Amino acid sequence: MGSGKKEAARKERQGKTDDGMGNVRTKGENFYRSAKKVKHLNMFKDGKARRNAQGDITVAASYQSRDAPVARIEPNRKWFGNTRVISQEALSSFREAVAERASDPYQVLLKTNKLPMSLIRDNDNVNGLKQHQAKMEIENNPFGDTFGPKAQRKRVKLGVSSLEDLAGETANLQRSYNDRLEHGTHEDGTPIVAGDLGETKESALTTARESVFSKGQSKRIWNELYKVIDSSDVVIHVLDARDPDGTRCRSIEKYIREEAPHKHLIFVLNKCDLVPTGVAAAWVRNLSKDYPTLAMHASINNSFGKGSLIQLLRQFSSLHSDRKQISVGLIGYPNTGKSSIINTLRKKKVCTVAPIPGETKVWQYVTLMKRIYLIDCPGVVPPNQNDTEEDILLRGVCRVENVENPEQYIPAVLKRVQPRHLERTYGIKEPSDAIDFLSRLARKGGRLLKGGEPDLDGVAKMVINDFLRGKIPWFTPPPKPANGDAEDEDEKIEGRQGRLGEMGRKRKIDEKTDEPAEEAESEDESSGPEFEGFNEGNAEDDDDNDSIANLEISDVESGEED
Ligand SMILES: Nc1nc2c(ncn2[C@@H]2O[C@H](COP(=O)(O)OP(=O)(O)OP(=O)(O)O)[C@@H](O)[C@H]2O)c(=O)[nH]1
């Protein structure tokens, strides 16, 4: 109800405002006529019925008439005001431009639900037709050629001409499927990983294994993982820099890509202090093709990569400025250092860390800052038919103490480690084989059983633990780039003479190319391709200037339709 000066002025302007009964009509509920009332009153304006001398109605009033009026709605340009027509070329270039951005891991497409994504992604599986192709066909061919009695479209190619052929084809498909299961590869040759095979996963993994090798695969752990993924806006996949490919969970990547594409996935290459700088840089380059990748050395006092990770998380939080906070889940193989990364970011021990896998049992929320929460997740291991027991053991997935006959895995350790590093670590020169190596090491350390027999079992466990905990240097060489600059890449890795702690001390990254600039020091140029000074632990805390990858954020929404 109006009050004050304005209402008083109105009353004055309109003069007598009472309704004849002494009630002053004031603005408020029922002051104005409703649309319904106006319509009703207008009906009477259309005129009265005409009557004859006797008073009978000869022509009914319009509201009394039962004749349906001839209605015609006049077309109006405004109906089409909110639509646009674009040419096929413009649509194609739009599709290409957006698809290019969407496939670049360093670009972030915001609010994909506002983009006409159906124009960008081909919807393969609707009625078994590629929608876009079907549309193109209709647009490019005259209607008469496509439909109707004069249609010139070819019949669908079935590849078989009779029912018997079709049955034979089905048998062939079944045979090739079984072959693929046996060899553990997809049709395109990529290895089958857990989740790819749906319910046949378990049946595919027929090899009987010691239970210790199925650590990280239990239903409980996977439930924890899915809880973490569901609750996270950003998922950090922590990889071990010594074996990034081995500690990559491709089935989880696939799951996130397909089921939760709105979540941001990034890789963090942890334990970079244990590999030469060139190797870490090459892996970062390689992994960056799929997802943004950061190199890191997790340590509360002596970290590397912490600054760039925090910066990246801040960028993600500003992407979601409409949210009160964002959650960042850390997932990955057991023992890759997820809890250590959280402790490093918090600069204090908030999660329990241990050199044994399976230390984190349940998910855990930790506040990093007001708007960023971190979630620690137990380590998960996607079951893979191709993984041998030694692969699983040497990824640090299971506890070495529980493994039977650990000496059987020593040849695999010796294969991965350079003889000179073994010599430097244990002082044992050129062992003829694994048993010779173990027995010499046992005698050297005085680890003998009753009767003077060397304790091969105990020494083997010690060597495997040293291998996993970074006492013996080793790394997996990064894959060679396909496009002819393999030599260049080799040179970068070999020539860089990585050293422990180099990541923190020397690396300066060229921001544009994401490649480390040439290091200033060349003191150890003559010492061969291996890295030296293992476990010196001299990386510096470099919170600000250590970015390996710069995430470029582009808000496509702004260029959307206007
Ligand atoms: N040298 C080195 N060791 C690291 C680094 N990060 C973690 N570690 C060590 O790796 C071991 C495992 O670390 P955790 O943080 O417990 O690993 P996790 O991934 O949480 O392990 P789970 O609890 O089994 O999932 C610990 O002994 C850490 O000290 C690193 O950057 N460099």
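**Briefing: two lysines, a strand trio, a core and a ligand shell**

Lys-347 sits in the loop between α13 and β8. Its phi is near 60 degrees, a positive value in a residue other than glycine. The model is predicted. The points below cover two lysines with positive phi, the strands around β9, the largest nonpolar core and the shell around the ligand.

**Lysines with positive phi**

- Is Lys-347 buried or exposed? Lys-347 is partly exposed, because 13 other C-beta atoms lie within 10 Å, and a residue counts as buried at 20 or more.
- Lys-271 also has a positive phi, near 65 degrees, and is not a glycine.
- Lys-271 belongs to the loop between β5 (264–270) and α11 (277–288).
- Lys-271 is buried, because 25 other C-beta atoms lie within 10 Å.

**Strand β9 and its partners**

- Strand β9 covers residues 372–376, and 4 of its 5 residues are buried, so β9 is largely enclosed by the rest of the structure.
- Strand β7 (residues 326–332) runs parallel to β9, and 5 bridges join the two.
- In that pairing, Leu-330 stands opposite Asp-376 of β9.
- Strand β8 (residues 364–369) runs antiparallel to β9, again with 5 bridges.
- Here Tyr-365 stands opposite Ile-375 of β9.
- How many residues lie between β8 and β9 in their hairpin? There are 2.
- In a regular strand, side chains alternate between the two faces of the sheet.

**Largest nonpolar core**

- The largest nonpolar core holds 78 residues.
- Val-268, Leu-269, Ala-280, Met-296, Leu-330, Leu-438 and Ile-464 touch the most other members.
- Helix α18 (residues 456–468) supplies the largest share of this core, 8 residues.
- Domain 3 (214–376) and domain 4 (399–469) each give this core at least three residues.
- Leu-330 links two topics: it is among the residues that touch the most other core members, and it stands opposite Asp-376 in β9.

**Shell around the ligand**

- Which residues come nearest to the ligand? Of the 23 around it, they are Gly-337, Ser-339, Pro-355, Thr-360 and Gly-379.
- Helix α13 (residues 338–346) gives the most to this shell, with 3 residues.
- By type, the shell divides into 8 nonpolar, 11 polar and 4 charged residues.
- Helix α13 also borders the loop of Lys-347, with β8 on the other side.

Note on methods
Residues are numbered from 1 along each chain as its sequence is written. This is a predicted model: local features need pLDDT of at least 70, side-chain atom pairs count only at pLDDT 80 or more; totals for chains, interfaces and linings use all residues. A nonpolar core is a set of buried Ala, Val, Leu, Ile, Met, Phe, Trp, Tyr and Cys residues joined through C-beta atoms within 7 Å. A residue is buried if 20 or more other C-beta atoms lie within 10 Å of its own, exposed if 12 or fewer, and partly exposed in between; C-beta atoms are placed from the backbone. Helices (H or I, at least four residues) and strands (E, at least two) are DSSP runs, numbered from the N terminus. Domain bounds come from an automatic or database domain assignment. A residue is near a molecule or strand if its C-beta atom, placed from the backbone, lies within 6 Å of it. Ala, Val, Leu, Ile, Met, Phe, Trp, Tyr, Cys and Pro count as nonpolar, Asp, Glu, Lys and Arg as charged, and the others, Gly among them, as polar. Two strands pair if DSSP finds at least two bridges between them.
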